Amino acid sequence: MNMSGKRARTTLLVMMSSVLILILSIQAAAPATTVYADDGKPPASNPYFKVEPVTAAGGKHFSKMTISGPPQPPPGYEAERAAIVPYSVATEHSLNVPAYTWVYGCSAVSAAMVAGYYDNYGYGNMYAGPTNGGIMPYTDSSWPTWSDSEPHTYPNNPLIASHNGVDGRATKGSIDDYWVKYGSTANDPYITGSWTQHTWGTAVGDYMKTSQSSHGNTDGSTSFYADLSSPDKLQCSDMVGYGFAQDDGTYGRKLFYEARGYTVTDCFSQATDNQVSGGFSLADYKAQIDAGHPVFLNLAGHSIVGVGYDTASNTIYIHDTWDTDEHSMTWGGSYSSMELQTVSIVNLSAVTPTPLTPSGMTLDTTPTYTWTQVPGATQYQYETVSGGTSVYTKLVDASACAGGTCTDTPTDVLTADSDYVWHVQASVAGAWGAYSADKSFT
């Protein structure tokens, strides 16, 4: 081979090596893409949704969904997000659920809307702060806003995430310990600042591990585990055995309710029937609403709350965390281009109504009885007793209730200056609960 041939071969080898190095460099620098596990779909670009395959103990396969719905709605879907005003009275079935706006993470906001609903309907210890007389407000407007370093302004809502200076808090809370800015992958401030993180107890986002870097969540994100290839429910009890309960948002909701002193009954995640045949269906959704349970829904990149449905169609009503309006979507469809994926169900054991002291009494007239509403109750029965003897019993249906309280004035006349006690019970799904504790009056 002559010298010119050797030089050409050497130049070619150098060029090939350079190309190989360039390819490897590009591959190393390329960002991770969204991974869709076990569904046969190709990778897709979705900055708010990541699905990773997980192999649990015994070789069982699951998917870890990390949801980081944005503080502001994606542009281009304004018509789809139009508020529903008014409902069709003839076909609408809806629960009176609080509507909170985005702070800390859409999943924590959605969980707080459900918890705030329960706080107003018989589970009064969900929120124990001083605002609104200790009853969780229906919007965030009771608290001041705050701004981070981005800067971006957010509402304060202590049921979502605690914050130093809010609701009389004089120590660091969720936002102080865990927040940098939306999407931040940095270690949480309590880690970089070398201080002890706050004690959990009042904010649902803490238990869900929302925005906590030590659990692999970027600021604004929460992780949920599910079997996206099966219609079976992933029970919270099984999450413990599989070893990922400590990182799961559904299990975190369970921990929060238990920390507030309540007993959890149903607790599971499940793929919806648009993802897998036999999954959580519209009929299942309606049954939850009819029983007085708002439904926590996970989309491909956002968490929302189902608050009702239209009986004449497959339309469901939702709160989307971006405003305080009621919105709608088609069951099994998409909202702001994000398809319905799973449900996160955490239900509580039934509570007895709380009777209040009767009011409106004058001599030889009738009292007005008031008691707390019970989620899903279709009927109530109250009894008035004097000297151990029943004076009268009254059956009342749920139409006597509004906004978390029930009121009834019977026609029976009581005797002035006499001592009485009364109690009330509720019927949920056809089963009567125990009578409440007695309430005395004269």
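Q: What share of the 442 residues in the protein is buried?
A: Buried residues make up 50% of them in this predicted model. Its secondary structure comes to 8 helices and 22 strands.

Q: Why is Gln212 called buried?
A: Its relative accessible area is 1%. Buried means under 20%, so Gln212 qualifies.

Q: What makes the link between Gln212 and Asp206 a polar contact?
A: The side chain of Gln212 reaches the backbone oxygen of Asp206 at 3.0 Å. The cut-off for a pair of N or O atoms is 3.5 Å, so this pair falls within it.

Q: Where does Gln212 lie, and which residues does Gln212 touch?
A: Gln212 sits in the loop between helix H5 (204–207) and strand E6 (222–226). Leaving out residues up to four places away in sequence, Gln212 touches Tyr178, Asp188, Trp200, Gly205, Asp206 and Asn217.

Q: What makes helix H7 mostly covered?
A: H7 spans residues 249–259, and 8 of its 11 residues are buried. These are Gly249, Thr250, Tyr251, Gly252, Arg253, Lys254, Phe256 and Tyr257.

Q: How do you know that Asp248 caps the N-terminal end of H7?
A: A side-chain oxygen of Asp248 lies 2.8 Å from the backbone nitrogen of Thr250. The limit for a polar contact is 3.5 Å, so the pair counts. After the helix comes Gly261, with a positive phi near 100°.

Q: Which residues have the most contacts inside the largest nonpolar core?
A: Tyr257 and Tyr285 do, in a core of 104 residues. Helix H2 (residues 106–120) gives the largest share, 10 residues. In soluble globular proteins, nonpolar side chains tend to be buried together.

Q: Which residues are in contact with Tyr285, leaving aside neighbours within four places in sequence?
A: Tyr285 is in contact with Phe280, Val295, Leu297, Gly306, Val307, Gly308, Tyr309, Ile316, Tyr317 and Trp331.

Q: How do you know that strands E1 and E2 pair?
A: E1 (residues 49–55) and E2 (residues 61–67) are joined by 7 bridges in the antiparallel sense. Pairing needs at least two bridges, so E1 and E2 pass. One of the bridges has Lys50 with Thr66 as its partner in E2. The two strands form a hairpin with 5 residues between them. Gly58, in the turn, has a positive phi of about 80°.

Q: Why do E1 and E6 count as edge strands in their sheet?
A: The sheet is open, with 3 strands in the order E1-E2-E6 and antiparallel pairing. E1 and E6 each have a single partner strand, so one side of each has no neighbour in the sheet. Neighbouring strands here are turned by 25° against each other on average, direction ignored.

Q: What makes E2 and E6 a pair?
A: They run antiparallel and are joined by 5 bridges. The requirement is at least two, so they pair. Ile67 has Thr222 as its bridge partner in E6.

Q: What makes E15 and E18 the edge strands of the sheet E15-E19-E18?
A: This open sheet has 3 strands and antiparallel pairing. Strand E15 (369–372) and strand E18 (401–402) each pair on one side only. E15 is joined to E19 (residues 405–408) by 4 bridges. In E19, Thr407 is the bridge partner of Thr370.

Q: What share of the contacts with a separation of 6 or more comes from residues 24 or more positions apart?
A: Such residues account for 61% of those contacts in the protein.

Technical notes
Residues numbered from 1 in each chain as written. Predicted model: local features only at pLDDT ≥ 70, side-chain atom pairs only at ≥ 80, totals over all residues. Heavy atoms only, no water. Buried < 20%, exposed > 50% of the residue type's maximum accessible area, 1.4 Å probe, protein only. Polar contact = N/O pair within 3.5 Å; in protein donor to acceptor, adjacent residues only side chain to side chain. Contact = heavy atoms within 4.5 Å. Core = buried A, V, L, I, M, F, W, Y, C linked by side-chain atoms within 4.5 Å. Axes fitted to C-alpha atoms, helices over the stretch in contact; angles between N-to-C directions.
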